[in-house]
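Good morning, colleagues. My topic today is enclosed space inside a protein model. Please look at the sequence and the structure as I bring them up.

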Amino acid sequence: MPRIFQANMFRLRKSRMFRLSVIMTALVTAAAVLIDCLSIRGDVSEYALECCALSGAPLVQIVGAAVIILFLGTDHSHKTIRNKLIVGNQRGGIYSADVLTGIVIGCSINAAWLIGGLAGVPILGFWKMKSAEALLYIVMSFVGTVSLSSVTALIGVLMQRKSGAAVAALVLAFALIMNAGAVYTRLGDKKEVMNGVYVNGELTFEITENPNYISGLKRSAYELALHVNPLGSSVALSNCDLKNPAADIAGAAFVTVFVSSLGAAAFRRKDLK
């Protein structure tokens, strides 16, 4: 496996698509952050750079997934996987190397995004979060990247048609982000809401229980669904609202290990045409 991974890294360093993706991610992020900063009216000291820089967290994960699929897809189109088997490499080693390669790609795209987000420093200054909190947010961005990269690598290795794999990965990514957004929104409902009521012709306000508030076992199920969703932490990051990072890390670790184990088992039985 180490030799296959080294070969993948050699090919990755020479990949124009990968280098262009990293550069464009940084430049587009920098441009978007600068536009947000320049559109601010009033006292800029009331705004925090992290709110602008982290807003594109889910989108950058989708970009990373697309690059992973396109890079790994060339192994099928160029018959590289079959050649690796012919020279004596084991399927488990090939799959593990491809998963690690996917993680490197995803983390590189994520790093370029974080660096591009610093373009707003001359206007808003550095992040206003405390150093420990900022470090936690940065770590969580990579944790979500590793989780989604493992899922994307599974699709890229098991599907032999690169175009089909790209479509499947993008559809899955958008489905995950829609699910994460819906669950995050439902969990954000307040337990009590203020309603306006007319009493003797006068409008008065009273605090009542929110009928849409999720509680008990159902709330625990929703929280679990958000923690195991590879894009769940990204949605929270984009809102600068990480509530339970330990659970997010545990969920991402579970998904990474489970998906990687499942993919390795499926790849061992796959008929490579």
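Searching the whole of this predicted model yields two cavities of 30 Å³ or more. I shall take them in turn.

The largest cavity holds about 60 Å³ of space. Three elements each give two or more residues to its lining: helix 4, spanning 57–77, helix 6, spanning 91–116, and helix 8, spanning 131–158. Which of the elements gives the most to this lining? Helix 4 does, with five residues. The full lining consists of Val 60, Gln 61, Gly 64, Ala 65, Ile 68, Gly 106, Ile 109, Asn 110, Thr 145, Leu 148, Ser 149 and Thr 152. As for the chemical character of the lining of the largest cavity, seven residues are polar and five nonpolar, with no charged residue.

I turn now to the second largest cavity, where the space amounts to about 50 Å³. Its lining is made up of Val 143, Gly 144, Ser 147, His 227, Asn 229, Pro 230, Ser 233, Asp 248 and Ala 252. Here the elements that give two or more residues are helix 8 and helix 12, the latter covering 245–269. Helix 8 gives the most to this second lining, with three residues. How do the residues of this lining divide by class? Five are polar, three are nonpolar and one is charged.

To close, I would draw your attention to helix 8: this helix gives two or more residues to the lining of the largest cavity, and helix 8 also gives two or more to the lining of the second largest. Thank you.

How values were computed
Residues numbered from 1 in each chain as written. Predicted model: local features only at pLDDT ≥ 70, side-chain atom pairs only at ≥ 80, totals over all residues. Heavy atoms only, no water. 1 Å grid on protein atoms, 1.4 Å probe; cavity = no way out; pocket = protein on both sides within 12 Å on 5 of 7 lines; lining within 4 Å. Points joined across faces, edges and corners; volume = space filled by probe spheres on them. Helix = DSSP H or I, 4+ residues; strand = E, 2+ residues; numbered from the N terminus. Nonpolar A, V, L, I, M, F, W, Y, C, P; charged D, E, K, R; others polar.
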